[in-house]
Amino acid sequence: MTTPTAAATPGSSALPVPRKAVVVGGNRIPFARSGGAYTHSSNQDMLTAALDGLVARFGLAGEEIGEVAAGAVLKHSRDFNLAREAVLGSALAATTPAYDLQQACATGMEAVIGLSNKIKLGQIDSAIAGGVDSASDAPIAVSEGLRSILLDLSRAKTAGQKAKIIARIRPKDLTPNAPTTGEPRTGLSMGEHQALTTAQWNITREAQDELALASHQNLAAAYDRHFFDDLITPFRGLSRDSNLRADSSLEKLAKLKPAFGKALGEGATMTAGNSTPLTDGASTVLLASEEWATARELPILADVVDGEAAAVDFVHGKDGLLMAPAFAVPRLLARNGLTLDDIDYFEIHEAFAGTVLSTLAAWEDEEFGKTRLGLDGAFGTVDRSKLNVNGSSLAAGHPFAATGGRLVATLAKMLHERGTVDGRPARGLISVCAAGGQGVVAILEAR
Amino acid sequence: MSQTSKASAVREKSDKYTEFVSRGFGRDLAKRLGLPQPAVLRRYRPNAPLVEGPILVVGHGVGADGVAQVLLDWHLDVRRHATPKEKLGAIVVVLDGLDHPGQLSEPMLAIGAALRDLNKNARIVSISRPALDDDAPALAAARNGVDGIIRSVAKELRAGATANGVLLANGIAADAPSAMSALRFFLSGRSAFVDGQFLTASSEGTAGNADWASPLDGSVAVVTGAARGIGAAIARTLARDGATVIAVDVPAAGDHLAAVANSIRGTALQLDVTAPDAGARILDHALSRHGRLDIVVHNAGITRDKLLANMDAGRWDSVIAVNIASQLRMNEAFLASSSFAGNARIISVSSTSGIAGNRGQSNYAASKAGVIGMVRSTAKLLAERGGTVNAVAPGFIETDMTAKIPFATREVARRLNSLQQGGRPGDVAEAIAYFAQPGSAGVTANVLRVCGQNLVGQ
């Protein structure tokens with residue numbers, strides 16, 4: 001068993017940052033429940049649409065951007081150059097370079113952090129971070145048996161050899177492999193993993209339903225006050241996230257049957273209502289140096305201050321699959337000389353209501369703080385009035401790689417609107433858990 | 001490049017009937033059967049000749065001489081007397097010195113003799129003075145006579161030719177810059193679907209555009225309702241003429257809006273014009289991104305048709321809110337800003353329904369007639385700071401909206417004008433782009449119909 005490093009990496013705090021990387025703005029398409037409005041849209045279609053909306057918002061048609069980085073979790077092999085192909089299909093200059101990256105649900109976050117670092121180092125002046133996923137248009141692969149036969153067939157030279165190879169095909173080889181959210185090393189789905197963690201931290205059904213309800217209500221209220229007018233561009237007839245249930249209630253949520261952790265019997269608390277659905281969507285964020293943004297008279301919403309990744313040994317250790325942010329956030333805040341009390345907005349990705357609540361519980365737990373984080377006591381408490389105030393993934397949905405971009409653009413706008421708190425720039429924290437026991441977190445500050 | 005392929009993709013074609021009767025068998029058939037023979041209109045292209053053929057200037061006196069001189073300065077081929085059989089591109093008749101209807105005979109007969117020598121898509125433009133309440137009766141009769149002449153001649157012309165007039169306000173010379181800008185508009189392909197109409201040169205105006213091919217260079221324009229149809233055409237036309245365009249539409253139309261903005265290298269601003277702070281948000285966007293705002297085009301509009309007997313509050317109030325109340329509120333914000341000054345331009349899209357009325361559109365007509373009232377009243381407010389405000393009233397325009405009209409009704413509607421065809425969104429846009437030009441200073445408080453001289457209304 002291993003424990004993630006709790007303390008900040010020694011020496012990593014003192015390095016001077018040459019210049020700032022700022023968030024200019026963002027654009028996403030509304031997120032659609034899988035099998036809905038975007039059933040027949042590919043990842044490339046959606047990412048291109050999200051890019052074009054961003055280009056239109058900031059008048060970038062024909063402009064060459066320093067670099068575009070984007071990715072998808074569920075990806076067709078033909079999409080090996082997804083980001084670059086989307087750029088070529090967009091209104092951006094064809095001379096804009098792009099690369100794909102993938103870190104499961106943290107893909108969008110990693111794109112933002114990686115590109116921000118390039119801007120800070122002066123390697124590029126502008127960048128677009130993006131992410132897209134389609135659970136509807138997911139790739140389906142042939143079985144391993146059939147794949148091996150087909151490859152052998154392509155190497156066969158004579159008709160006799162070919163006939164012999166074809167004769168190897170058995171009915172079971174014809175069953176295709178569809179992607180799953182199962183972890184390769186445990187065979188458990190993400191929901192089953194979280195169900196164990198949720199039970200481990202004694203998170204009640206009521207608490208999860210309350211968080212889910214707040215997500216829907218907050219997101220609906222944000223739409224009603226036109227908060228998303230400059231963050232979203234409609235796509236395929238959809239202008240709002242299709243998973244949003246503005247009229248949801250605790251009563252309705254309480255009626256849902258458990259969907260995960262059924263083996264726990266009475267202890268099964270996770271339902272379709274307090275878990276994110278499979279979702280299709282894409283998001284983009286425009287990042288820049290201050291000089292680049294100012295020269296183009298573009299807005300500056302926030303600074304990308306710092307980012308941190310962590311991972312847990314969920315296979316052999318005692319940490320739940322989605323608990324890596326519980327370690328990443330303390331490290332990140334310590335490196336920046338901050339505590340939870342210095343944060344004005346928390347954006348904690350709601351993979352499941354149980355994920356958010358388990359993380360908060362871990363931070364409030366003295367034992368966890370002492371033994372796992374190496375602190376004198378509990379890490380701290382998140383003021384719930386500062387948590388996901390404009391809704392999060394439970395209401396908006398969660399197209400895996402697109403969630404990071406949604407969070408960064410949304411938080412940047414919130415921080416810019418807030419301005420200063422006690423004479424210092426408003427500060428926000430983003431925390432995203434990811435498959436494989438990973439988590440990526442970041443700090444943004446208002447401009 | 002993708003820019004050009006997008007531009008050619010939106011190139012509009014004439015309706016199928018017009019194409020059919022414009023050549024070969026279709027033309028012969030239509031002629032024999034006496035069917036309408038709509039012409040393929042000459043439409044504006046940057047750097048194309050202003051008119052196709054020599055221009056005959058009819059009239060004596062200082063006014064006519066001055067106008068002829070301006071046309072010569074524009075490097076046009078000017079005639080002061082018609083040469084029989086010589087094809088003409090346009091006839092400009094200068095009647096600024098009229099004081100009795102008896103004086104109309106000579107110039108009109110001169111024009112009549114030259115009519116058969118007009119080229120296709122030729123232009124007849126009068127320059128005269130409007131009849132005023134304190135004119136002597138004979139003077140008023142002579143001046144108002146021109147109105148009847150132009151509207152009648154427009155109905156007699158064929159092959160895409162049009163007749164329009166410039167009216168000179170008190171003290172304005174026939175060759176004043178404002179009058180000449182209106183003349184140039186009527187002569188050009190920009191006025192292809194404008195027929196039987198008048199523009200008033202209300203003040204002296206300023207010297208013409210610095211660059212006629214790109215008159216809006218350096219200016220910043222906002223167009224509401226720009227996601228599709230007429231609004232998208234306005235955005236594209238203003239951009240073609242050199243303006244940086246902020247394309248505005250409701251958030252739900254954002255995908256179409258983004259496509260329009262990207263195709264003209266403008267910006268998209270998703271905004272509901274009925275929001276109380278719409279004007280402030282447009283100003284903020286324009287000033288923070290571009291440092292200025294010069295041109296406002298109020299195009300956003302909706303229809304919620306019902307006979308008045310069946311009308312409900314929802315239909316009535318939403319049409320008023322979007323089509324007129326929003327413009328009033330936004331104009332207040334623009335006029336309150338010191339940044340919207342100098343050559344400021346407001347151009348509103350009205351409708352022939354607002355002039356002639358339309359069954360089932362009492363709410364829409366209220367809003368569009370309201371726009372006309374607003375424009376006339378706002379002109380004084382904007383004149384103080386050197387700006388103009390005008391309205392354009394489209395007739396039957398071929399858009400997604402009119403494409404939904406049942407075939408037979410649509411076919412009748414599009415033939416019910418002197419040009420016997422529907423206009424294009426670009427025709428409305430050209431009129432708006434004209435009002436937006438710096439050289440159109442002095443042309444204010446006008447309501448210009450772009451309707452091919454629709455048989456309904458004035």
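In this predicted model, strand S11 (residues 345-349) of chain B runs beside strand S12 (residues 388-394) of chain B, and the two pair in the parallel sense over five bridges. Within this pairing, B:Ile347 stands opposite B:Asn390 in S12(B).

These two strands belong to a broader arrangement. Chain B holds an open sheet of seven strands, with parallel pairing and the order S9-S8-S7-S10-S11-S12-S13. At its edges lie strand S9 (267-270) and strand S13 (447-450) of chain B, each of which pairs on one side only. On average, neighbouring strands of the sheet are turned by 20° against each other, direction ignored.

A helix accompanies one end of this strand order. Helix H9 (residues 254-263) of chain B lies across strand S8 (244-249) and S9 of chain B, and its direction makes an angle of about 160° with S9(B).

From the sheet, the view may widen to the whole chain. Chain B has 16 helices and 13 strands. The C-alpha trace of chain B spans about 60 × 55 × 55 Å along its principal axes. For 458 residues, a compact globule would be expected to have a radius of gyration near 23 Å; the value for chain B is 22 Å, which agrees with that expectation. Of the 458 residues in chain B, 53% are buried. Among the contacts in chain B with a separation of 6 or more, 76% are between residues 24 or more positions apart.

Chain B also meets a partner. In the contact between the two chains, 19 residues of chain A touch 18 residues of chain B. The side of chain A that touches chain B is made up of nine nonpolar, five polar and five charged residues.

Chain A offers a helix for closer study. Helix H11 (residues 353-364) of chain A has twelve residues, which at 1.5 Å a residue should span 16 Å; its end C-alpha atoms are 17 Å apart, so the expected and computed lengths agree. How many of the twelve residues of H11(A) are buried? Ten are, and the helix is thus mostly covered. The buried residues include A:Ala353, A:Gly354, A:Thr355, A:Val356 and A:Leu357 at the start of the list, followed by A:Ser358, A:Thr359 and A:Leu360, and also A:Ala362 and A:Trp363. In an α-helix there are 3.6 residues a turn, so residues three or four places apart point the same way.

Conventions
Residues are numbered from 1 along each chain as its sequence is written. Chains are lettered from A and ligands numbered from 1 in the order in which they are written. This is a predicted model: local features need pLDDT of at least 70, side-chain atom pairs count only at pLDDT 80 or more; totals for chains, interfaces and linings use all residues. Two residues are in contact if their C-beta atoms, placed from the backbone, lie within 7 Å. Ala, Val, Leu, Ile, Met, Phe, Trp, Tyr, Cys and Pro count as nonpolar, Asp, Glu, Lys and Arg as charged, and the others, Gly among them, as polar. Helices (H or I, at least four residues) and strands (E, at least two) are DSSP runs, numbered from the N terminus. The expected span of a helix is 1.5 Å times one less than its number of residues. A residue is buried if 20 or more other C-beta atoms lie within 10 Å of its own, exposed if 12 or fewer, and partly exposed in between; C-beta atoms are placed from the backbone. The radius of gyration is taken over C-alpha atoms; the globule rule is 2.2 Å times the number of residues to the power 0.38. Two strands pair if DSSP finds at least two bridges between them. Axes are lines fitted to C-alpha atoms, for helices over the stretch in contact, and angles run from 0 to 180 degrees between N-to-C directions.
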